[in-house]
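Hello,

Here is the structure I promised to pass on to you. Please open it beside this email, and then read on for what turned up in it.

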Amino acid sequence: MRRRIRGRRCGVFVVDALGNGRFRIGARLAYAARGRPSTWVFIDGRTYVIEPERRDASDRLHATDDQVALSAPMPATVVTIDVTPGQEVAAGELLVMLEAMKMELPIRAPRAGRVKALACREGELVQPGVPLVELE
Amino acid sequence: MRRILIANRGEIAVRVIRACRELGIPSVAVYSDADARAPHVFLADDAVRIGPASPAESYLSISAILDAARKTGADAIHPGYGFLSENAEFASSCERAGITFIGPPAAVIERLGLKIAARAIAGQAGVPVVPGETPADQSTAAIAAAARRVGFPLLLKPSAGGGGIGMKTIRDEQALGAGIEQARREATAAFGDGTLYVERLIERPRHVEIQVLADNHGSVVYLFERECSIQRRHQKVVEETPSPALTPALRRRMGEAAVALARAAEYRNAGTVEFLLEGTGDRASFYFLEVNTRLQVEHPVTERVTGVDLVHGQIAIARGDRLPWSQESLTQRGHAIEVRVYAEDPADDDLPQAGPLLLYREPSMPGIRIDSGAYEGGEVSVHYDPLIAKLIADGETREIARRRAIEALRNYPILGIRTNVSFLIEILEHPRFVSGDIDTRFLETEGQHLRTRSAGSPPAEALEIASWLRSRSADVSRRSVDGAGIDAKADPWETLRGFRG
């Protein structure tokens with residue numbers, strides 16, 4: 001199986017599928033795997049994470065800066081909650097301290113505002129993408 | 001020694017189990033729920049579940065581990081590194097239970113684990129130390145006062161710790177209060193003990209450590225140095241031996257200092273004496289930092305150049321054997337470089353990554369050793385250290401070892417989670433690394449540039465492969481709904497027989 005592809009920058013190159021996730025491009029070996037949702041490609045010591053051109057791109061657009069800034073960047077444990085509902089916070093103020101893989105990950109206020117509600121408890125294991133604090 | 005229980009997980013558990021195999025001693029693995037399918041569990045002769053994923057309830061639970069030893073008839077425990085390896089209470093619990101702890105006696109761990117006591121021992125042995133103190137009063141105000149006595153810049157370290165965890169650099173008065181509290185919390189979380197140690201920071205030193213082995217018959221030898229200056233947040237990333245900074249005379253002075261310290265501490269088994277080195281060559285000065293009373297993560301580089309298997313050595317010493325070598329019979333041959341492959345994103349502040357290993361293939365080449373506990377289809381868990389593997393390259397010269405390490409990394413695909421592989425290549429190719437001009441601030445000063453370089457956008461080939469793979473699996477493998485990996489049946493290239501491009 002051999003596919004000739006007109007690359008955008010590389011001119012014409014040939015990709016051979018060797019099976020089991022392996023591909024040959026010219027003299028180089030590449031590896032690829034489909035994850036969810038991204039596709040992963042490894043060429044010459046570099047890994048590229050290629051996001052799908054997604055139908056749910058609209059979800060992304062709806063995600064506000066607040067939602068991103070107020071969510072855990074990875075699965076983590078809540079160590080401390082440093083604010084209470086109703087409290088006024090300044091931009092950059094520590095809201096929640098998370099811990100993952102022996103590291104502390106501070107969640108800070110992306111802007112000034114009032115804490116509307118808390119969406120986590122101390123000691124809880126939280127997942128990325130879910131805001132931990134609601135800001136007004 | 002009839003049966004050895006390995007109180008650890010990941011690559012080091014695998015490493016120790018292999019040594020047991022080689023020596024014909026049955027091994028027992030322990031595992032948490034998160035590790036039920038981990039390689040160390042399958043490799044060992046026997047395996048015991050010791051608790052849920054949380055380390056405090058499994059790998060840090062002395063009672064669960066001792067129960068597992070009793071249940072399986074293990075009469076010795078190898079602690080690996082991290083977890084309970086430097087926990088004196090664990091060592092003494094083993095002693096009381098009649099189980100051989102493969103490491104130094106509890107009293108030695110305790111003395112050397114307390115930085116004040118360790119420094120006093122270094123003083124007795126005539127080994128120079130860096131200014132610092134552990135305030136008896138551990139209130140924030142008292143620690144701040146100690147910090148002012150020691151002077152800025154300074155380091156706050158967990159008194160009970162090691163491995164750089166919870167260590168904070170404080171450059172000025174302003175950062176002090178919050179820094180103390182954060183360091184204390186991290187120390188408490190990692191070691192169950194929030195006691196802090198304050199130490200003057202020596203700017204731009206090298207981190208050079210000496211491996212020692214001490215038997216129960218009065219013999220102590222050093223197995224030369226490891227240079228571990230490439231660190232980020234005080235966690236080592238690249239280690240090598242010999243150090244480009246040491247002359248034979250300096251190497252002998254440091255080796256003899258480490259042996260003197262080990263003797264003064266009545267040390268037993270394998271240990272590492274860490275030093276900060278200021279300057280290079282015969283006029284350099286070195287300061288005692290701490291003793292790691294365990295096997296080090298980076299022990300393989302020493303094994304590659306000395307030919308000594310340190311785990312075999314640990315087991316032999318614990319069983320009462322005499323060291324088979326004199327200092328004069330030990331030599332360094334060639335050069336070895338270890339890089340730590342971490343599940344972390346260099347482009348995003350080294351944020352640890354957890355997730356599936358969709359594709360994981362270790363390179364096999366001349367001069368390459370890989371110590372890992374990972375496998376394709378497995379998972380890097382959020383609960384533990386993000387180390388995936390250690391890649392050790394050796395060769396007749398430093399340059400050959402360096403080139404081998406780069407070549408191996410270029411052929412080490414790990415897909416499904418972000419890793420530091422490309423960042424490691426950038427480090428190994430940096431002119432300052434090539435020339436050996438490194439210090440512990442290397443990644444602070446050069447890291448940003450290397451991170452940017454290591455994070456390039458995908459070339460056309462990568463995009464083509466990705467879109468091809470995606471379109472094919474959309475057509476062909478709707479049946480592979482779990483999406484967890486490249487299971488052979490779902491591989492579009494395999495299933496698309498007859499396709500001609």
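Among contacts in chain A between residues at least 6 apart in sequence, what percentage join residues at least 24 apart? The answer is 38%. Please keep in mind as you read that this is a predicted model.

**Chain A**

Let's stay with chain A for a moment. Its 136 residues include 26% that are buried, and its secondary structure consists of two helices and 13 strands. Four of the strands form an open sheet with antiparallel pairing, in the order 10-9-7-12. At the edges of this sheet are strand 10 (103–108) and strand 12 (125–126) of chain A, each of which pairs on one side only. As a reminder, strands of a sheet pair through backbone hydrogen bonds, either parallel or antiparallel. You can follow one such pairing yourself: strand 9 (residues 94–100) of chain A runs antiparallel to strand 10 of chain A, and six bridges join the two. In one of these bridges, E99(A) has E104(A) in strand 10 of chain A as its partner.

**The domains of chain B**

Chain B is split into domain 1 (4–102), domain 2 (131–200), domain 3 (203–333), domain 4 (340–456) and domain 5 (460–495). Try looking at domain 3 of chain B and domain 4 of chain B together: their centres, taken over C-alpha atoms, are 24 Å apart. Their contact involves 16 residues from domain 3 of chain B and 17 residues from domain 4 of chain B. On the domain 3 side, the elements that contribute two or more residues are strand 10 (206–214), strand 11 (220–232), strand 12 (235–241) and helix 10 (299–306) of chain B. Which element gives the most to that side? Strand 11 of chain B does, with four residues. Sorted by class, the side of domain 3 of chain B that touches domain 4 of chain B holds eight nonpolar, three polar and five charged residues.

Helix 10 of chain B deserves a second look. Seven of its eight residues are buried, namely H299(B), P300(B), V301(B), T302(B), E303(B), R304(B) and V305(B). After helix 10 of chain B comes G307(B), with a positive phi near 75°.

**Helix 1 of chain B**

Here is a small check you can repeat. At 1.5 Å a residue, the 14 residues of helix 1 (residues 10–23) of chain B should span 20 Å, and the end C-alpha atoms are 21 Å apart, which agrees. Is this helix largely enclosed or largely open? Ten of the 14 residues of helix 1 of chain B are buried, so the helix is largely enclosed by the rest of the structure. Among the buried ones are I12(B), V16(B), A19(B) and C20(B), but also the charged-class names E11(B) and R15(B). Just after helix 1 of chain B, G24(B) has a positive phi of about 75°.

**The nonpolar cores**

The largest nonpolar core has 80 residues, and those that touch the most other members are L5(B), I6(B), I77(B), V212(B), A258(B) and L261(B). Domain 1 (4–102) and domain 3 (203–333) of chain B each supply at least three residues to this core. To see how one member is surrounded, click on V212(B): beyond its neighbours within four places in sequence, its contacts include V220(B), Y222(B), A258(B), Y267(B) and V273(B). A second, separate core has 62 residues, including F42(A), I388(B), Y412(B) and F423(B).

**Strand 7 of chain B and its partners**

In strand 7 (residues 154–158) of chain B, five of the five residues are buried. L154(B), L156(B) and P158(B) point one way from this strand, while L155(B) and K157(B) point the other way. That fits a general pattern: in a regular strand the side chains alternate between the two faces of the sheet.

Strand 7 of chain B runs antiparallel to strand 8 (residues 168–170) of chain B, joined by three bridges, and L155(B) stands opposite T169(B) there. Five bridges join strand 7 of chain B to strand 9 (residues 196–200) of chain B, also antiparallel, and K157(B) has Y197(B) as its bridge partner.

Y197(B) leads to one last residue, I116(B): their C-alpha atoms are 8.6 Å apart, although 81 residues separate them along the chain. I116(B) lies in helix 6 (residues 115–124) of chain B and counts as partly exposed, because it has 14 C-beta neighbours inside 10 Å.

Enjoy exploring!

Technical notes:
Residues are numbered from 1 along each chain as its sequence is written. Chains are lettered from A and ligands numbered from 1 in the order in which they are written. This is a predicted model: local features need pLDDT of at least 70, side-chain atom pairs count only at pLDDT 80 or more; totals for chains, interfaces and linings use all residues. Domain bounds come from an automatic or database domain assignment. Two residues are in contact if their C-beta atoms, placed from the backbone, lie within 7 Å. The expected span of a helix is 1.5 Å times one less than its number of residues. A residue is buried if 20 or more other C-beta atoms lie within 10 Å of its own, exposed if 12 or fewer, and partly exposed in between; C-beta atoms are placed from the backbone. A nonpolar core is a set of buried Ala, Val, Leu, Ile, Met, Phe, Trp, Tyr and Cys residues joined through C-beta atoms within 7 Å. Two strands pair if DSSP finds at least two bridges between them.
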